[in-house]
Amino acid sequence: MAVERQVSIALYRFWHFGNAASTMKVALWAGVGYGTVCNSTIRVMTALCNKRFRAMTLPWSSPQEIERAKAWVEGSSCPARRDGWLMVDGTLVPMFRQPGEFGTSFLD
């Protein structure tokens, strides 16, 4: 199967939760067998976990970039979030619902 199709199956599955992420629902959506959904997901995760692939496509931020991001969070948001652990490269992380702690300010 084409890599693009395997990635789209895995991403569709990752994007959904509950019954919508079941192998049968994804198989019906993609028009493949439910075993193909499992195989595609495993292949995509294997590629993403490959050390060489990660080094080429997912570089970590430099210590200076991390410090600049922490200073921005402290000045623009809740100071308690300064040493948070999420993205420092501007990546948008859509959330299903707001976190319990600092929920309203977190989504601002």
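The following paragraphs go through a predicted model, from its overall make-up to single residues.

The protein has 108 residues. Its secondary structure consists of 6 helices and 0 strands, so that, read from the N terminus, the elements follow the order α-α-α-α-α-α. Buried residues account for 14% of the chain. The accessible surface amounts to about 8,600 Å², and carbon and sulfur atoms hold 61% of that area. Of the contacts between residues at least 6 apart in sequence, 37% link residues at least 24 apart.

The interior comes next. The largest nonpolar core is made up of 6 residues, namely Ile9, Val26, Ala27, Ala30, Val32 and Val37. Helix α2, which covers residues 23-30, supplies the largest share of this core with 3 residues. Val32 can serve as a way into this region. Apart from neighbours within four places in sequence, Val32 is in contact with Met1, Arg5, Ile9, Ala27 and Val37. Ile9, Ala27 and Val37 are also listed among the core residues.

Two polar residues can be followed from one helix to another. Gln6 sits in helix α1, which spans residues 3-15, and Ser40 sits in helix α3. Is Gln6 buried or exposed? Gln6 counts as buried, because its relative accessibility is 10% and the limit for buried is under 20%. Ser40 is buried too, since its relative accessible area is 1%. When residues up to four places away in sequence are set aside, Gln6 touches Met1, Ser40, Arg43 and Val44. Ser40, with neighbours within four places left out, is in contact with Met1, Gln6 and Ile9. Met1 thus appears among the contacts of Gln6, of Ser40 and of Val32. Ile9, a contact of Ser40, is one of the residues of the largest nonpolar core.

On the outside, Val3, Val7, Leu11, Phe14, Met45, Leu48 and Phe53 make a nonpolar surface patch of about 570 Å². The elements that contribute two or more residues to the patch are α1 and α3, the latter running over residues 34-49. Helix α1 gives the largest share, 4 residues. Val7, one of the patch residues, lies in helix α1. Val7 counts as partly exposed because its relative accessibility is 31%, a value between the limits of 20% and 50%. Helix α1 therefore holds both the partly exposed Val7 and the buried Gln6.

Arg54 can be reached from the patch through Leu48. Arg54 belongs to helix α4, residues 51-57. Beyond its neighbours within four places in sequence, Arg54 is in contact with Leu48, Cys49 and Pro59. Leu48 is one of the residues that make the nonpolar patch. Arg54 has a relative accessibility of 37% and so counts as partly exposed.

The cysteines are the next topic. How many disulfides does a search of the whole structure find? The search finds 0. Cys38 has a relative accessible area of 29% and is therefore partly exposed. Cys49 is likewise partly exposed, as its relative accessible area is 49%; the limit for exposed is over 50%. Cys49 is also one of the contacts of Arg54.

The last stop is a loop. Where does Ala20 lie? Ala20 is found in the loop between α1 and α2. With a relative accessibility of 30%, Ala20 counts as partly exposed. Leaving out neighbours within four places in sequence, the contacts of Ala20 are Tyr12, Lys25 and Val26. Val26 belongs to the largest nonpolar core, which leads from this loop back to the interior described above.

Notes: Residues numbered from 1 in each chain as written. Predicted model: local features only at pLDDT ≥ 70, side-chain atom pairs only at ≥ 80, totals over all residues. Heavy atoms only, no water. Buried < 20%, exposed > 50% of the residue type's maximum accessible area, 1.4 Å probe, protein only. Contact = heavy atoms within 4.5 Å. Disulfide = S-S within 2.5 Å. Patch = residues over 30% accessible without salt bridge, like charges linked within 9 Å, V, L, I, M, F, W, Y side chains within 5 Å. Areas by Shrake-Rupley, 256 points an atom, 1.4 Å probe, with all protein chains shown as cover. Salt bridge = Lys/Arg side-chain N within 4 Å of Asp/Glu carboxyl O. Core = buried A, V, L, I, M, F, W, Y, C linked by side-chain atoms within 4.5 Å.
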